[in-house]
Amino acid sequence: EPPEEQRMPSASINIEDGAKLLARFYVGTQRAVDAFSGGQIDNLESTIDTSLNRLAHKLCLRLLARYEHISEAEAIARHAVTDEACGQFISLSKCEDYQFSHRNILEEMQHIFRGTGGENGTGMRGNAEDYYSYQNSLLDQVLDKGLGIPITLSVTYAAVVRRAVGVVLDPVGLPGHFVLATPSSDDNASRQRLFIDAFRGGEILSLDDVQHIVASYQIPWDDSFLRAVPYKDVWTRMVRNLRACHQRNTILDLFNEDNPARRAMGDHGFAGLLRRVPPQELTDLQYQHAMSLSIGMFMSSFIESLDIDSMVMIARPVFDRTICCR
């Protein structure tokens with residue numbers, strides 16, 4: 001059993017903090033500079049927070065309407081607060097006071113993930129069609145498109161639930177899949193816990209369902225699979241996923257001296273081969289390679305510190321190197 005201080009996250013550290021930092025790091029690359037207007041990097045974290053809070057307000061609204069047996073419109077009329085911009089929202093502190101059951105919270109989150117929860121109005125779901133897109137590993141992109149992979153969708157889901165009702169869900173790294181779980185009790189009665197597959201629209205799972213997922217990979221069951229994953233390990237996995245996407249999309253490591261094609265053809269012949277690659281494709285390959293290297297350099301520093309400001313300072317030289325390689 002891991003020490004208590006390692007297993008339990010600090011109250012000041014949230015599961016989305018590292019994911020926001022990774023997105024901010026990525027926006028510093030040349031492709032992001034090309035794609036976004038100036039100042040986007042400075043506003044990125046607030047943009048992510050706004051999207052997560054919007055989903056949290058939606059969850060709170062649905063829970064209040066369900067608890068009081070009224071429509072959402074009636075819940076807004078009864079509980080809405082008007083801000084300086086004349087926008088109406090539900091006070092999230094009110095939701096925490098109700099102490100809704102875990103089952104009710106997860107059922108309403110499932111509705112949001114499968115309905116109109118995403119910023120694009122189509123909910124949040126797994127991107128099975130383009131699973132290895134790097135965008136699936138970036139929290140801002142996942143919130144914008146409503147598409148992601150299990151770990152980023154789980155981070156999104158957990159962040160929304162914590163913001164709305166104060167419940168901190170456990171990240172659970174199963175072999176081959178990533179899910180969430182309701183908090184474990186002191187007596188570790190795992191059969192009373194509920195599990196969530198955010199990749200499949202927030203599907204609510206039992207322990208038997210989770211064991212079936214593991215069995216599908218021909219892996220013997222071990223109760224240690226249910227332990228909460230430390231946030232640092234969650235973020236490490238996100239970084240590795242992002243790097244793996246770029247390595248996969250590079251197709252050929254054109255700039256590696258150990259490239260078999262380069263060794264076989266010699267530098268002169270290989271240069272001739274590169275000249276036949278369409279310019280845009282070559283640019284994309286250079287970008288993928290640069291991102292693979294930059295993310296690798298960033299990874300060790302990224303997971304050793306939880307201080308956001310320090311990490312941005314560490315990432316800045318990597319931004320510059322990536323831009324030079326573009």
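# Close-up views of a predicted model

**View 1. One disulfide joins two helices.** The count of disulfides in this predicted model comes to one. Its partners are Cys60 and Cys95, with sulfur atoms 1.9 Å apart. A disulfide is a covalent bond between the sulfur atoms of two cysteines. The dihedral about the S-S bond is 115°, and the link of Cys60 and Cys95 is right-handed. Cys60 sits in helix H4 and Cys95 in helix H6. The two cysteines are 35 residues apart, so the pair links distant parts of the chain. Cys60 and Cys95 are both buried.

**View 2. Helix H7 turns one face inward.** H7 has 13 residues. From first C-alpha to last it reaches 18 Å, close to the 18 Å expected at 1.5 Å a residue. Its buried residues are Ile105, Leu106, Glu108, Met109, Ile112 and Phe113. Seen down the axis of H7, these buried residues fall within an arc of 165°, so they line one face of the helix. An α-helix has 3.6 residues a turn, so residues three or four places apart point the same way.

**View 3. The largest nonpolar core.** This core has 55 residues. Leu59, Tyr157, Val161 and Val165 have the most contacts inside it. Several elements give two or more residues to the core, among them helix H2 (15-27), helix H4 (40-68), H7 and helix H8 (139-145). Helix H9 (150-165), strand S6 (177-181) and H11 also give two or more residues. H9 gives the most, with ten residues.

**View 4. Tyr157 and its contacts.** Tyr157 is among the residues with the most contacts inside the largest nonpolar core. Leaving aside residues up to four places away in sequence, Tyr157 touches Leu106, Met109, Phe113, Leu169, Leu180, Ile196, Ala198 and Gly202. Three of these names return from View 2: Leu106, Met109 and Phe113 are buried residues of H7. A second, separate core has twelve residues, including Val179, Phe195, Leu205 and Leu226.

**View 5. Tyr131 in two aromatic pairs.** The structure holds eight aromatic pairs. In one of them, Tyr131 and Tyr132 meet edge-to-face, 5.3 Å centre to centre, with 70° between the planes. Tyr131 is partly exposed, with a relative accessible area of 33%. Tyr132 is also partly exposed, with a relative accessible area of 42%. Tyr131 forms an edge-to-face pair with Phe199 as well, at 5.8 Å centre to centre and 70° between the planes. Tyr131 lies in the loop between strand S3 (125-126) and H8, while Phe199 lies in the loop between strand S7 (195-197) and strand S8 (203-205). The pair therefore ties together parts that are 68 residues apart in sequence. Phe199 counts as buried, at 14% relative accessibility.

**View 6. A cluster of rings.** Ring pairs link Tyr67, Tyr98 and Phe100 into a cluster.

**View 7. Buried residues in the loop between S3 and H8.** Tyr134 lies in this loop. Because its relative accessibility is 15%, under the 20% limit, Tyr134 counts as buried. Tyr134 and Leu242 are 108 residues apart in sequence, yet their C-alpha atoms are 5.7 Å apart in space. Asn136 has its place in the loop between S3 and H8 too. Asn136 is buried, with a relative accessible area of 2%. Beyond residues up to four places away in sequence, Asn136 touches Asn127, Asp130, Tyr131, Val142, Leu147, Gly148, Ile149 and Thr152. Tyr131, one of these contacts, is the residue that pairs with Phe199 in View 5.

**View 8. Two glutamines with positive phi.** Gln99 has a positive phi of about 50°, although it is not a glycine. Gln99 is found in the loop between helix H6 (92-98) and helix H7 (102-114). Gln99 is exposed, with a relative accessible area of 69%. Gln218 has a positive phi of about 55°, and it is not a glycine either. Gln218 has its place in the loop between helix H10 (207-215) and helix H11 (231-249). Gln218 counts as exposed, at 69% relative accessibility.

Technical notes: Residues numbered from 1 in each chain as written. Predicted model: local features only at pLDDT ≥ 70, side-chain atom pairs only at ≥ 80, totals over all residues. Heavy atoms only, no water. Helix = DSSP H or I, 4+ residues; strand = E, 2+ residues; numbered from the N terminus. Buried < 20%, exposed > 50% of the residue type's maximum accessible area, 1.4 Å probe, protein only. Expected span 1.5 Å × (residues − 1). Arc of directions from axis to C-beta. Core = buried A, V, L, I, M, F, W, Y, C linked by side-chain atoms within 4.5 Å. Contact = heavy atoms within 4.5 Å. Phe/Tyr/Trp six-rings, centres within 6.5 Å; stacked < 30°, edge-to-face > 60°. Disulfide = S-S within 2.5 Å.
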